Amino acid sequence: MNDGSATNGGGAKLRAWRLQRGIYQSQVGAEIGVSAEAVGRYENKTLTPALLPAVHLELMTGGDVSLEDWGIDADVVALLRRFVTARIARERAVRHEPEPT
């Protein structure tokens with residue numbers, strides 16, 4: 001985890017997303033594997049999530065709080081997307097599933 005000195009535009013977005021849905025910090029934390037305190041620190045911009053919690057947050061929020069919002073380099077995000085796409089294709093090939101059209 002990084003201290004809040006890194007770009008952290010995700011904090012305000014996360015807080016807004018959470019409050020619009022009436023979700024507690026403890027619920028977000030339980031979903032992504034961190035403490036409620038950590039979620040509060042993300043929102044207050046005193047802590048930037050590590051990559052794995054940031055990925056979980058993007059998935060949890062449906063992309064409303066993206067990896068880029070936390071200052072994760074666009075090249076890293078692109079590499080992750082290519083990796084995930086390749087992994088899914090390999091798994092489909094093993095299961096002999098057709099590619100989506």
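A salt bridge is a side-chain nitrogen of Lys or Arg within 4 Å of a carboxyl oxygen of Asp or Glu. This tour of a predicted model stops at several such pairs, and then turns to a pocket and a surface patch.

**The whole chain**

Begin with the entire chain in a cartoon view. Five helices and two strands can be found in it, and from the N terminus on they follow the order β-α-α-α-β-α-α. The C-alpha atoms fill a box of roughly 45 × 30 × 20 Å along the principal axes. Of the 101 residues in the chain, 30% are buried. Next, display the surface. The accessible surface of the chain amounts to about 6,300 Å², and carbon and sulfur atoms account for 56% of that area. Contacts along the chain may also be considered: among those with a separation of 6 or more, 55% are between residues 24 or more positions apart.

**Helix 3**

Select residues 36–43, which make up helix 3. Which residues of helix 3 are buried? They are Ala-38, Val-39, Gly-40, Tyr-42 and Glu-43. To see what surrounds them, add helix 1 (10–21), helix 2 (25–32), strand 2 (47–48) and helix 4 (51–60) to the selection; the buried residues of helix 3 pack against these elements. Then move just past the end of helix 3 to Lys-45, where the backbone takes a positive phi of about 65 degrees.

**Glu-43 and its partners**

Return to helix 3 and show the side chain of Glu-43, together with those of Arg-15 and Arg-18. Glu-43 has a relative accessible area of 3%, so it is buried. Glu-43 and Arg-18 meet through their side chains in a salt bridge, with 2.6 Å from N to O. Because Glu-43 lies in helix 3 and Arg-18 in helix 1, this pair ties together parts that are 25 residues apart in sequence. Arg-18 is buried, as is Glu-43.

Now look at Arg-15. A salt bridge joins Glu-43 to Arg-15 as well, and here the closest N and O atoms are 3.3 Å apart. Arg-15 also belongs to helix 1, so its pairing with Glu-43 in helix 3 ties together parts that are 28 residues apart in sequence. Is Arg-15 buried or partly exposed? Its relative accessibility is 30%, so Arg-15 counts as partly exposed. With all three side chains on display, one sees a network of salt bridges that links Arg-15, Arg-18 and Glu-43.

**Asp-69 and Lys-13**

Select Asp-69 and Lys-13 next. They form a salt bridge in which the closest N and O atoms are 3.0 Å apart. What does this pair tie together? Asp-69 lies in the loop between helix 4 and helix 5, while Lys-13 lies in helix 1, so the salt bridge ties together parts that are 56 residues apart in sequence. Asp-69 counts as buried because its relative accessibility is 14%, whereas Lys-13 is partly exposed, with a relative accessible area of 40%. A search of the whole structure finds six salt bridges, including the ones visited here.

**The largest pocket**

Hide these side chains and select Val-55, Glu-58, Leu-59, Leu-67, Val-77, Leu-80, Arg-81, Val-84 and Thr-85. These residues line the largest pocket. Helix 4 and helix 5 are the elements that each give two or more residues to this lining. Which element provides the largest share? It is helix 5, with five residues. The volume of the largest pocket is about 280 Å³.

Among the lining residues, pause at Leu-59, which lies in helix 4. Its relative accessible area is 65%, so Leu-59 is exposed. If Ile-32 is selected too, a distance between C-alpha atoms can be drawn: Leu-59 and Ile-32 are 27 residues apart along the chain, and their C-alpha atoms are separated by 9.6 Å.

**A nonpolar patch**

For the last stop, select Phe-83, Val-84 and Ile-88 and show the surface again. They form a nonpolar patch there, with about 250 Å² of accessible area together. Val-84 has appeared before, as part of the lining of the largest pocket. Phe-83 is found in helix 5, residues 74–95. Why does Phe-83 count as partly exposed? The reason is its relative accessibility of 44%, since partly exposed residues fall between the limits of 20% for buried and 50% for exposed.

Key: Residues are numbered from 1 along each chain as its sequence is written. This is a predicted model: local features need pLDDT of at least 70, side-chain atom pairs count only at pLDDT 80 or more; totals for chains, interfaces and linings use all residues. Side-chain values use heavy atoms; hydrogens and water are left out. Patches are made of residues with over 30% relative accessible area and no salt bridge: like charges are joined within 9 Å, nonpolar side chains (Val, Leu, Ile, Met, Phe, Trp, Tyr) within 5 Å. Accessible areas come from the Shrake-Rupley method with a 1.4 Å probe; for residues, only the protein chains shown count as cover. Helices (H or I, at least four residues) and strands (E, at least two) are DSSP runs, numbered from the N terminus. Buried means under 20% relative accessible area, exposed over 50%, partly exposed in between (1.4 Å probe, protein chains only). Contact means heavy atoms within 4.5 Å. On a 1 Å grid over the protein atoms alone, a cavity is a set of points where a 1.4 Å probe fits but cannot get out, and a pocket is an open set with protein on both sides within 12 Å along at least five of seven lines; lining residues have an atom within 4 Å of a point. Grid points are joined across faces, edges and corners, and a volume is the space filled by probe spheres set on the points.
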